[in-house]
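Subject: Structure handover

Hi,

Here is the structure I promised to pass on. Please have it open while you read the notes below.

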Amino acid sequence: MPAEGPNGTVVPVIEIERLSKRYGDTVAVDDLSFTVRPGTVTGFLGPNGAGKSTTLRMILGLDAPTGGTVTVDGVPFAGRPRGLRHIGALLDAQDVHGGRSARAHLSALARSNRIPLGRVEEVLHEVGLAKAGGRRIGGYSLGMKQRLGIAGALLGDPPVLLFDEPLNGLDPEGVLWVRGLFRRLAEEGRTVFVSSHMMAEMEHTADRLVVIGRGRLIADESLADFSARHADAHVAVRTPRLGALTAVLAGEGATVRPSGREEAVVTGLPAARIGELALRHGVVLHELASRTSSLESAFMALTADSVQYLAGEHPAVDCPAVGFPAGEYPVVEYPVVEYPAVEYPAGDAR
């Protein structure tokens, strides 16, 4: 059943219940359950191959679940006509007809969803492609294609928005713009669901996190709770009397790990208490600072057992069919091809 808001209004909630997807013997999504609510930016995180894109495709009805259910406003999305008025989605910015202009592409989407054509110019301006709207998409950079994909998602002014890796290819200005856009959409009461494998970016974008690995749920909590539960808090100290300070702090139950001749990392006591103890015992401190490990580090540690593709893991395999022993392959040199530089006139979107 769809969730209800004030005065019986329908709240645009994405509900996933025991969702599974298999491709032969491969389990892409495994008994996954969570809810995405409006008014917040929900980050959908996991290593490459965790099942994020498959889950998004099942939300949109592009892939059928092997088991479980997924609904938007209480009903499967595949049963809705004029889908762009209900959900706007960016799954693959490259999946567009390169011979069309951005304006023609968006106009086709508008006609098929009975969206006024005036909306095309509005979203082109919003994403910064108004001047480049008449150019063929095949000549766009990846960042421009991402902007076009976002324009397509916004076209029907939908209450629910899904984005799969929307920051790929964007320059720093574009990243800041997307952060602000997602925040504004959430503040308008929309449901914003953003898939990414970059915790460092979600730290600046999301209010809530859903973390999966190998298709299974690992975490479903607010960003603040995730940080409190998984980030490593410690205190950095520097003193010429490190031995004396270590003895004092150990007596109070703290753990002191030297990190240099005069430096150490302390856990188990807050910085204020360490300062008080140092003063009481006449230990001069040259540094006393509370530190917290990055959420990226916490995310990496949390999903370490779920990473499928580890760099550097290349087991040697014999190739008798081509006559090369394990680990010994010929070096193949390819000629270098130089392409002429392409210059764009000033004012073009990049």
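Start just after helix H1. Glycine 61 follows H1 and has a positive phi, near 75°. Keep in mind that this is a predicted model.

**Helix H1**

H1 runs over residues 52-59. Is H1 enclosed or open to the outside? Of its 8 residues, 6 are buried, so H1 is largely enclosed by the rest of the structure. The buried ones are Lys52, Thr54, Thr55, Leu56, Met58 and Ile59.

Leucine 56 is the residue to click on in this helix. Leucine 56 is buried, at 0% relative accessibility. Which residues does leucine 56 touch, once those up to four places away in sequence are set aside? They are Phe44, Leu91, Leu162, Phe163, Asp164, Phe193 and Ser195. Leucine 90 is also worth a look from here: its C-alpha lies 9.9 Å from that of leucine 56, with the two positions 34 residues apart in sequence.

**The aromatic cluster**

Two of the contacts of leucine 56, Phe44 and Phe193, belong to an aromatic cluster, and Phe34 completes the cluster.

The count of aromatic pairs comes to 4. One of them joins phenylalanine 34 and phenylalanine 44. The ring centres are 5.6 Å apart and the planes are at 45°, so this pair is tilted. Phenylalanine 34 is in strand S2 (residues 26-36) and phenylalanine 44 is in strand S3 (residues 41-45), so the pair ties together parts that are 10 residues apart in sequence. Are these two rings buried or exposed? Phenylalanine 34 is buried, with a relative accessible area of 3%. Phenylalanine 44 is buried as well, at 0%.

Phenylalanine 34 also pairs with phenylalanine 193. That pair is tilted too, at 5.8 Å centre to centre and 45° between the planes. Phenylalanine 193 sits in strand S7 (residues 191-196) and phenylalanine 34 in S2, so here the pair ties together parts that are 159 residues apart in sequence. Both of these phenylalanines are buried.

**A charge over a ring**

Next, go to tryptophan 177. Arginine 147 lies over the face of tryptophan 177, at 5.0 Å from the ring centre.

**The largest pocket**

The largest pocket has a volume of about 610 Å³. How many residues line the largest pocket? There are 21, and Ala89, Leu90, Leu91, Asp95 and Leu109 lie nearest its centre. Leu91 has come up already, as a contact of leucine 56.

Three elements each supply at least two lining residues: strand S5 (87-90), helix H2 (102-112) and helix H4 (142-154). H4 gives the most, with 5 residues. By class, the lining has 13 nonpolar, 4 polar and 4 charged residues.

**Two more sites**

Glycine 133 is in the loop between helix H3 (118-126) and H4. Glycine 133 is buried, with a relative accessible area of 0%. Beyond its neighbours within four places in sequence, glycine 133 is in contact with Ser101, Ala102, Arg103, Leu124 and Tyr140. The C-alpha atoms of glycine 133 and glutamate 121 are 8.7 Å apart, and the two residues are 12 apart in sequence.

Glutamate 201 is in helix H6 (residues 199-202). Is this glutamate buried or exposed? Glutamate 201 is buried, with a relative accessible area of 11%; the cut-off for buried is under 20%. Leaving out residues up to four places away in sequence, glutamate 201 touches Leu167, Val175 and Arg179.

**The whole protein**

Last, the overall figures. The protein has 10 helices and 13 strands. Of its 350 residues, 41% count as buried. Take the contacts between residues at least 6 apart in sequence: 67% of them join residues at least 24 apart. The pair of phenylalanine 34 and phenylalanine 193, at 159 residues apart in sequence, is one to view with that figure in mind.

Best wishes

Definitions and conventions
Residues are numbered from 1 along each chain as its sequence is written. This is a predicted model: local features need pLDDT of at least 70, side-chain atom pairs count only at pLDDT 80 or more; totals for chains, interfaces and linings use all residues. Side-chain values use heavy atoms; hydrogens and water are left out. Rings of Phe, Tyr and Trp (its six-membered ring) pair if their centres lie within 6.5 Å; planes under 30 degrees apart count as stacked, over 60 as edge-to-face and the rest as tilted. Helices (H or I, at least four residues) and strands (E, at least two) are DSSP runs, numbered from the N terminus. Buried means under 20% relative accessible area, exposed over 50%, partly exposed in between (1.4 Å probe, protein chains only). A charge sits over a ring if NZ of Lys or CZ of Arg is within 6 Å of the ring centre and within 35 degrees of the ring normal. On a 1 Å grid over the protein atoms alone, a cavity is a set of points where a 1.4 Å probe fits but cannot get out, and a pocket is an open set with protein on both sides within 12 Å along at least five of seven lines; lining residues have an atom within 4 Å of a point. Grid points are joined across faces, edges and corners, and a volume is the space filled by probe spheres set on the points. Ala, Val, Leu, Ile, Met, Phe, Trp, Tyr, Cys and Pro count as nonpolar, Asp, Glu, Lys and Arg as charged, and the others, Gly among them, as polar. Contact means heavy atoms within 4.5 Å.
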